[in-house]
Amino acid sequence: MKAMLLTGHGGIDRLQYGDAPDPVAGPGDVVVDIRAASVNAADYKMRLGGAHYQTGGLKFPHILGRDFSGVVSAVGPGADLKPGDEVVGVTIPGTEGAYAEKIAIKAAIVASKPDALSHAECAALALTGLTALVSIEDTLQLARGETILIQGGAGGVAGFAIQLAKHIGARVVTTASAANHAYVRGLGADEIIDYRTEDFTQKVSGCDAVFDTVGGEVALKSFAVLRPGGGAAFIASGASAPPSPRTDVRAYRPNVGRDRHHLERIAAFVLSGAVRPPEIRRYPLSEAAAAHAMSEGRHLRGKLVLTVR
């Protein structure tokens, strides 16, 4: 099969389009012919060799890519799917493998692809939706009437989170550049702060929750806007949440597991109209390096998707 191979840690020149062995379905596995795969920030961080991205155990060449949509082509013993089933899935961290024409994955952690959504839309929604759901619902347990600050609102995860929070009935404040204000307003944001010209700590306070998708100094400053007893969830600060400078708030690093139930819940939100797919920019699989360059720039709106077939 054709795949985009990571030949070692470093720049985008470490990504080489070439051939890889076809995967085989073991017990409980399915092999999926991938139609579309998503590009996530974790991908370029793993390529660079970030300390929290399973760098020690990688064997090169390694195939990156955590979420995908495609069609089952082979089934292993005990798998509850059949050839021809259209599915969407998210790989277990450390395995990856979606930047390829085929992938083997446990059937229990993939879900049926809704007919109403394209493969590109499903790939764009999979890990972003999973991360947002676990962070907003499971971790922060956001409730109707509460106020949440979502950092980096134009990104894929944050865009899903804005819509989910509005569906719950929360008031949503988000940060975005001026060029993306109309986009995040269309997702449902009640208040938008231009992070390039405004200090969010001077614009908002007393929040019940913060969801940070940016990291760095933004993450550390986010504690200041919480009310006593509030909580913040961080997905861009490594394997653990940054230590809180306050004893009266809680800091979380959401545990984003892999299971069919959450993927089905994402699909239900989208099919009901509560959440819509993000804006998508497409690249052929052979141009994954260009997609990485765009992702690494960190000023992306929506999602990057690799068209595989």
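## Inside or outside

A residue counts as buried when its relative accessible area is under 20%, and as exposed when that area is over 50%. With that in hand, let's look at this model, which is predicted. C122 has a relative accessible area of 4%, so C122 is buried. C207 is buried too, because its relative accessible area is 0%.

What about bonds between cysteines? A disulfide requires two cysteine sulfur atoms within 2.5 Å, and by this rule the count is zero.

## The overall picture

Stepping back, the protein is built from eight helices and 16 strands. Its radius of gyration is 19 Å, close to the 19 Å that the globule rule gives for 309 residues, so the protein is as compact as a globular protein of that length. Along the principal axes, the C-alpha atoms fill a box of roughly 55 × 40 × 35 Å.

Of the 309 residues, 55% are buried. Among contacts with a separation of 6 or more, 64% are between residues 24 or more positions apart.

## A six-stranded sheet

A good place to rest your eye is an open sheet of six strands. Its order is β11-β10-β9-β12-β13-β14, and the pairing is parallel. At the edges are β11 (191-193) and β14 (250-252), each of which pairs on one side only. From one strand to the next, the twist averages 15 degrees.

Helix α3, made of residues 156-168, packs on this sheet. The helix touches β9 (147-151), β10 and β12 (207-212), and its direction makes about 170 degrees with that of β9. For a closer look at one pairing, follow β10 (residues 171-175), which joins β11 in the parallel sense over three bridges. T174 has I192 in β11 as its bridge partner.

## A pair of rings

Which two residues form the aromatic pair? The structure holds one such pair, and its members are F223 and F234. Their ring centres are 5.3 Å apart, with 40 degrees between the planes, and the pair is tilted. The two residues are 11 residues apart, and the pair links distant parts of the chain. F223 belongs to the loop between α6 (216-222) and β13 (226-234), whereas F234 is in strand β13.

Are these two rings' residues buried or exposed? F223 has a relative accessible area of 0%, so F223 is buried. F234 is likewise buried, because its relative accessible area is 0%.

## Unusual spots in the backbone

Most residues other than glycine have a negative phi, and most peptide bonds are trans. With that background, three places in the loops are worth a visit.

Start with the peptide bond that joins F60 and P61: this bond is cis, with omega about 0 degrees. You will find P61 in the loop between α1 (41-48) and β4 (62-63).

Next comes E96, which is not a glycine and yet has a positive phi of about 50 degrees. E96 sits in the loop between β6 (86-90) and β7 (102-106). Because its relative accessible area is 4%, E96 is buried. Finally, Q141 also has a positive phi, near 50 degrees, without being a glycine. Its place is the loop between α2 (119-139) and β9. Q141 has a relative accessible area of 57%, so Q141 is exposed.

Note on methods:
Residues are numbered from 1 along each chain as its sequence is written. This is a predicted model: local features need pLDDT of at least 70, side-chain atom pairs count only at pLDDT 80 or more; totals for chains, interfaces and linings use all residues. Side-chain values use heavy atoms; hydrogens and water are left out. Buried means under 20% relative accessible area, exposed over 50%, partly exposed in between (1.4 Å probe, protein chains only). Two strands pair if DSSP finds at least two bridges between them. Helices (H or I, at least four residues) and strands (E, at least two) are DSSP runs, numbered from the N terminus. Axes are lines fitted to C-alpha atoms, for helices over the stretch in contact, and angles run from 0 to 180 degrees between N-to-C directions. Contact means heavy atoms within 4.5 Å. Rings of Phe, Tyr and Trp (its six-membered ring) pair if their centres lie within 6.5 Å; planes under 30 degrees apart count as stacked, over 60 as edge-to-face and the rest as tilted. The radius of gyration is taken over C-alpha atoms; the globule rule is 2.2 Å times the number of residues to the power 0.38.
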